[in-house]
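User: Hi! I am new to protein structures and would like to go through one step by step. Could we look at it together?
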Amino acid sequence: MASVSLHNISKVYGNTRIVDDANLTVNEGELVVLLGPSGCGKTTTLRMVAGFVQPSDGSILIGGEDVTYMAPRLRNIGMVFQDYALFPHMTVAENIAFGLRQRRVGRAAIAARVAELLDLIQMSARGDSLVTALSGGQQQRVALARALAVSPRVLLMDEPFGALDVRLREAMQLELTQIQRRLGITTVLVTHDQQEAMILADRIVVMANGRIQQTGTPDELYHNPRNRFVAEFVGRNNVLSGRVEETRNGESLITLRCGMRMLVPTGQRIQPGETVAVTIRPQHLMIAGTRTADADALTGRMEEHRFLGNVVHYLVRLPSDDVLLVEGAAGMAPPELGTDVSLTWRKDRALVFDARGQALHGE
Amino acid sequence: MPSCSTHVGKHSMASNANPACCYRLTAPAAGGPPRSRRGRTGIRWEWFLWPSLLVSLVLLVVPQANFVWLSFHGDLGLGQVSAGLTAENYARILTDPFYLSAFWLTVYLSAMTVGFGLMVGFPAAYALARIGGWTASLLLSLILTTSLITVVVKLMGLNIILGSAGLINRAILALALTSSPIPMLNNEFGVFIGLVQYTLPMMIVLLFGVVQTIPVSLEEAAAILGATRAATYWQVILPNAKAGLLASGLIAFNMSMGAFTSAVLLGGGRVRTVPVLIQQAIIQDTDYGKGAALSTMLVGFVFLINVAVVAVSVESSRKRRWQRAG
């Protein structure tokens with residue numbers, strides 16, 4: 001096992017900076033997920049670690065060894081591709097043995113290792129099947145076994161669960177985390193699915209527009225996002241725009257576009273008159289009934305409700321035309337569509353971001 | 001690649017050496033879906049087969065059948081054939097070393113053409129498929145455009161390069177490598193060059209489609225697993241391209257077996273391939289029986305080779321699977 005470090009990595013195609021000055025250290029045995037919308041540079045970053053893409057700038061270290069310009073075949077890395085990239089003309093066992101054959105491992109040793117991996121992925125009976133005869137989940141497992149067969153220093157995975165249906169995906173995610181923990185292999189996984197990232201990751205690296213936005217545990221990203229992008233991308237969130245009325249002692253009085261006023265801790269960086277964005281999670285908004293005397297309550301029209309089993313999602317349109325997502329416990333009878341409802345919220349959970357999207361909380 | 005399939009059809013029809021084409025045209029009507037089956041639109045799609053069936057019947061099946069019939073009659077000279085049926089034309093061809101060596105020469109030249117074409121065409125097709133985008137489309141269009149130029153014009157152009165006073169020979173003489181020009185035209189080498197020029201564009205277009213079906217990720221997977229470029233080529237690219245290489249090779253082989261223009265123009269009448277002998281028998285000697293027999297044998301022979309090659313390849317892949325299972 002080995003750590004992976006990216007130092008000031010950039011990739012430029014023409015005038016576009018696909019990856020812009022990325023710095024990242026993946027510790028030994030850690031599972032790090034690169035998360036971001038398509039085109040954010042996450043896959044390019046992964047492919048630079050694999051060696052398929054040459055960085056325009058910066059250096060990549062694996063286990064302390066500079067591999068920036070090393071050919072992929074010499075890096076001793078395992079990789080699971082988005083389309084699995086299994087060799088269609090080979091059996092399951094031949095696919096798993098491929099990397100060992102390239103390393104000129106003896107016949108007996110190969111057979112033993114292949115048997116070991118077939119056991120790991122619980123497919124001992126399917127060694128002689130052609131990979132084209134397998135289901136999606138089985139192909140996924142074979143791809144993982146093939147990558148692990150050579151005992152790589154690092155495991156890379158590019159959207160590995162994208163092609164699977166929801167049920168199978170959850171099963172495979174569980175299986176992967178168990179295998180990864182058992183082997184203790186350093187893993188870098190790319191996905192655009194924030195839920196998948198939170199399920200799998202020890203740490204998540206959120207990327208957008210080629211830049212790393214924030215690196216942290218799922219908990220840190222969810223509760224303490226460093227900028228507005230992370231706040232909106234990780235977990236569901238409501239964003240309201242507002243304006244700073246006055247600041248004193250590190251707190252600001254903010255008037256939201258919907259008419260709400262609130263006093264929140266914002267640090268010293270903000271000046272009166274500046275526009276800000278306030279985020280509040282759906283579960284921190286509560287439907288207070290049809291009307292309340294609470295002066296801080298928001299009034300809006302119930303537009304939609306969706307029963308999701310354990311919770312109910314409500315969409316409430318404010319007079320300012322902002323639509324808020326409210327998450328409430330199931331069980332209570334939902335207000336009728338089209339009626340006016342009052343919302344109260346836990347202001348201590350609201351987060352404030354300046355006009356550039358930088359967090360003003362927690363400084 | 002829609003343009004590619006139309007090309008295949010055109011060439012194999014023109015050369016008449018690919019029996020598969022007439023099978024393709026007649027089969028749907030004979031063993032096709034029941035006539036009552038209508039799509040959701042209520043259109044009887046099978047009716048659309050009739051015009052092409054009629055055309056191929058009138059222009060291909062009837063004349064060819066007539067030709068086969070003709071081949072069982074003896075030649076009386078001046079275009080007259082005997083009334084009775086006889087197999088003497090076939091007996092004469094099969095016992096005459098002259099004709100047998102003509103068949104051998106035709107197969108030999110065609111096989112050489114296919115071998116050389118695959119060696120040159122596959123890397124080119126591979127590169128084009130991997131470059132992709134506009135560059136590949138443009139280059140592929142250029143390659144296709146060359147097959148638009150009449151074979152006659154193309155082959156005459158080769159004189160400028162290969163002739164005894166051509167560029168290559170002048171260079172050789174200037175460098176004093178030999179004392180006299182090397183003959184590259186009016187011999188087998190000339191025909192070989194002509195056949196390569198005739199079939200190569202088609203091969204590249206077909207192989208381009210083959211390479212496109214092999215995802216780049218397979219090569220990346222091989223690389224990250226430690227395979228060298230050579231190992232990736234032999235163990236991943238080639239096995240996955242095998243069926244496509246075989247099909248493209250067969251098509252080029254069939255084109256070459258029936259190629260007449262290249263053999264006549266670059267062989268100078270001295271290289272007697274079977275198509276040349278057919279032309280001589282029918283046009284010069286008006287020995288319709290003999291010409292028809294030669295032609296029938298050529299078609300039958302090429303058909304057998306196609307069947308044999310396909311059968312062998314299917315059998316070998318079946319065996320491989322069996323060995324694995326057992």
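Analyst: Happily! Let us begin with a term: two residues are in contact when heavy atoms of theirs lie within 4.5 Å. Please keep in mind that this is a predicted model.

User: How many residues of domain 1 of chain A are in contact with domain 2 of chain A?
Analyst: Chain A is divided into domain 1, residues 4-232, and domain 2, residues 236-353. The C-alpha centres of these two domains of chain A lie 39 Å apart. On the side of domain 2 of chain A, 9 residues take part in the contacts, and on the side of domain 1 the number is 9.

User: What percentage of the residues in chain A is buried?
Analyst: Here a cut-off helps: a residue counts as buried under 20% relative accessible area. Chain A has 363 residues, and the buried ones make up 53%.

User: Which strands stand at the edges of the open sheet in chain A?
Analyst: The sheet has 6 strands with mixed pairing, in the order E6-E7-E8-E3-E9-E10 of chain A. Each edge strand has a single partner strand, so one side of it is left without a neighbour in the sheet. Those edge strands of chain A are E6 (77-80) and E10 (211-216).

User: What does the twist of that sheet average from one strand to the next?
Analyst: We are still looking at the open sheet of chain A with the order E6-E7-E8-E3-E9-E10. From one strand to the next, its twist averages 20 degrees.

User: In which sense do strands E3 and E8 of chain A pair?
Analyst: A general point first: strands of a sheet pair through backbone hydrogen bonds, either parallel or antiparallel. In chain A, E3 covers residues 31-35 and E8 covers residues 186-191, with 5 bridges between them. Leu31(A) stands opposite Thr187(A) in E8(A). The sense in which E3 and E8 of chain A pair is parallel.

User: Which helix of chain A packs on the sheet, touching E6 and E7?
Analyst: The helix touches E6 and strand E7 (154-158) of chain A, and its direction makes about 170 degrees with that of E6(A). It covers residues 136-149 of chain A, and its name is H4.

User: Are the rings of Phe229(A) and Phe233(A) stacked or edge-to-face?
Analyst: Both residues lie in helix H8 (residues 228-233) of chain A, 4 residues apart, about one turn of the helix. Their ring centres are 5.3 Å apart, with 15 degrees between the planes. Planes under 30 degrees apart count as stacked, so the pair Phe229(A) and Phe233(A) is stacked.

User: Is Tyr90(B) buried or exposed?
Analyst: Tyr90(B) lies in helix H4 (residues 88-95) of chain B, and its ring partner Phe72(B) is in the loop between helix H3 (49-70) and strand E1 (75-77) of chain B. The two ring centres are 5.1 Å apart and the planes are at 40 degrees, so this pair is tilted. Phe72(B) is partly exposed, with a relative accessible area of 32%. Tyr90(B) has a relative accessibility of 14%, so it counts as buried.

User: Which residue has its charged end over the ring of Tyr13(A)?
Analyst: A similar arrangement is found where Arg146(A) lies over the face of Phe87(A), at 4.7 Å from the ring centre. For Tyr13(A), the charged end sits 4.9 Å from the ring centre, and it belongs to Lys11(A).

Technical notes:
Residues are numbered from 1 along each chain as its sequence is written. Chains are lettered from A and ligands numbered from 1 in the order in which they are written. This is a predicted model: local features need pLDDT of at least 70, side-chain atom pairs count only at pLDDT 80 or more; totals for chains, interfaces and linings use all residues. Side-chain values use heavy atoms; hydrogens and water are left out. Two strands pair if DSSP finds at least two bridges between them. Helices (H or I, at least four residues) and strands (E, at least two) are DSSP runs, numbered from the N terminus. Axes are lines fitted to C-alpha atoms, for helices over the stretch in contact, and angles run from 0 to 180 degrees between N-to-C directions. Rings of Phe, Tyr and Trp (its six-membered ring) pair if their centres lie within 6.5 Å; planes under 30 degrees apart count as stacked, over 60 as edge-to-face and the rest as tilted. Buried means under 20% relative accessible area, exposed over 50%, partly exposed in between (1.4 Å probe, protein chains only). A charge sits over a ring if NZ of Lys or CZ of Arg is within 6 Å of the ring centre and within 35 degrees of the ring normal. Domain bounds come from an automatic or database domain assignment.
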